[in-house]
Amino acid sequence: MLVLEAVAYMVRHSEAGFAAFFVKMSQFAIYEASFVMGIMYYYYLKASLPYVKENEKLLKISSYILYTVLYIGAFMEIVNLFAGSMYSFDASNRIQRGTLFFIYPLVIALANLIDFVVLLRYKEEITRRKFWVLSSYVFLPILAAVLQFFSYGIAIGTMSVIAALIINYLYISSILIKKA
């Protein structure tokens, strides 16, 4: 995601045909990857929590709501390719916000809120350190979505997801080092 974001940023002022196509497709891929990562994080969260009962009502309801929210976001992204309602591109390949630009941060914030509800349900069964590490994937993107809503330009959301993934990776690595 970060590589696509960087390359799209580098070629965005070019009016050549390839640059225009690449900027549009990389933006589409970044948004769709965000939705896929929302689903993957939900699976990671369930695998990281002890004593998760698959039949538990909260998990069933939260998974249905999460999938619905993320699928609606992915569908709106596909519709945006044709309608330009969330964002569009000007002549120099710069992204311009559309009337429905708030949908993307709203979808990500709702997905993260659902993840946080599941995390809160199992808070008593995990260590404080593990709770904060797992919640970094929830809080950092929400904070970035709020900042991105008011600022325009650099991809704060993508960087926050990468930072949260690095925090989770370092935590897992520290556990593996202690076991070795």
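pLDDT is the predictor's confidence in each residue, on a scale from 0 to 100. The structure described here is a predicted model, and its protein chain averages a pLDDT of 82, with 86% of the residues scoring at least 70. The chain holds six helices and two strands, and from the N terminus on these elements follow the order α-α-α-β-β-α-α-α. The points below begin with the chain as a whole, then turn to two of its helices, its aromatic pairs and three polar residues.

**Confidence and overall make-up**

- Among the elements of the protein chain, the lowest mean pLDDT, 67, belongs to helix H1 (residues 2-11), whereas the highest, 88, belongs to H3.
- Of the 180 residues in the protein chain, 42% are buried.
- The accessible surface of the protein chain comes to about 10,400 Å², and carbon and sulfur atoms account for 73% of that area.
- When contacts in the protein chain between residues at least 6 apart in sequence are considered, 68% of them join residues at least 24 apart.

**Helix H4**

- Helix H4 covers residues 103-121, and because a rise of 1.5 Å a residue predicts a span of 27 Å for its 19 residues, the 27 Å between its end C-alpha atoms agrees with expectation.
- The buried residues of H4 include the aliphatic and aromatic side chains of Ile 103, Tyr 104, Val 107, Ile 108, Ile 114, Phe 116, Val 118 and Leu 119, and they also include Asn 112 and Asp 115.
- These buried residues of H4 pack against three other helices, namely H2 (17-48), H3 (57-83) and H5 (128-150).

**Aromatic pairs**

- A search of the whole structure finds 12 aromatic pairs, one of which is formed by Phe 35 and Tyr 104 in an edge-to-face arrangement, with 5.7 Å from centre to centre and 65° between the planes.
- This pair links distant parts of the chain, since Phe 35 lies in helix H2 and Tyr 104 in helix H4, 69 residues apart.
- Both Phe 35 and Tyr 104 are buried.
- Phe 101 and Phe 102 form another edge-to-face pair, for which the centres are 6.5 Å apart and the planes meet at 80°.
- Phe 101 counts as partly exposed because its relative accessibility is 25%, and Phe 102 is likewise partly exposed, with a relative accessible area of 37%.
- Ring pairs also link Tyr 31, Phe 35, Tyr 87 and Tyr 104 into a cluster.

**Helix H6 and Asn 168**

- Helix H6 has 24 residues, and the 35 Å from its first C-alpha to its last is close to the 34 Å expected at 1.5 Å a residue.
- The buried residues of H6 are Thr 158, Ser 160, Val 161, Ala 164, Asn 168, Tyr 171, Ser 173 and Ser 174.
- Asn 168 is placed in this helix, which runs over residues 156-179, and because its relative accessibility is 4%, under the 20% cut-off, Asn 168 counts as buried.
- Leaving aside neighbours within four places in sequence, Asn 168 is in contact with Tyr 44, Val 133, Leu 134, Ser 136 and Tyr 137.
- With Tyr 44, the contact is also polar, the side chain of Asn 168 meeting the side chain of Tyr 44 at 3.2 Å.
- Asn 168 and Trp 132 are separated by 36 residues in sequence, while their C-alpha atoms are 9.8 Å apart in space.

**Polar residues of helix H3**

- Asn 80 is found in helix H3, and with a relative accessibility of 3% it counts as buried.
- Not counting residues up to four places away in sequence, Asn 80 touches Ser 85, Met 86 and Tyr 87.
- A polar atom of the Asn 80 side chain lies 3.1 Å from the backbone nitrogen of Tyr 87, and Tyr 87 is also one of the residues in the ring cluster.
- Asn 80 and Gly 98 are 18 residues apart in sequence and 9.4 Å apart in space, taken from C-alpha to C-alpha.
- Ser 63 is also found in helix H3, and Ser 63 counts as buried because its relative accessibility is 11%.
- The side chain of Ser 63 reaches the backbone oxygen of Lys 60 at a distance of 2.9 Å.

Conventions:
Residues numbered from 1 in each chain as written. Heavy atoms only, no water. Helix = DSSP H or I, 4+ residues; strand = E, 2+ residues; numbered from the N terminus. Buried < 20%, exposed > 50% of the residue type's maximum accessible area, 1.4 Å probe, protein only. Contact = heavy atoms within 4.5 Å. Polar contact = N/O pair within 3.5 Å; in protein donor to acceptor, adjacent residues only side chain to side chain. Expected span 1.5 Å × (residues − 1). Areas by Shrake-Rupley, 256 points an atom, 1.4 Å probe, with all protein chains shown as cover. Phe/Tyr/Trp six-rings, centres within 6.5 Å; stacked < 30°, edge-to-face > 60°.
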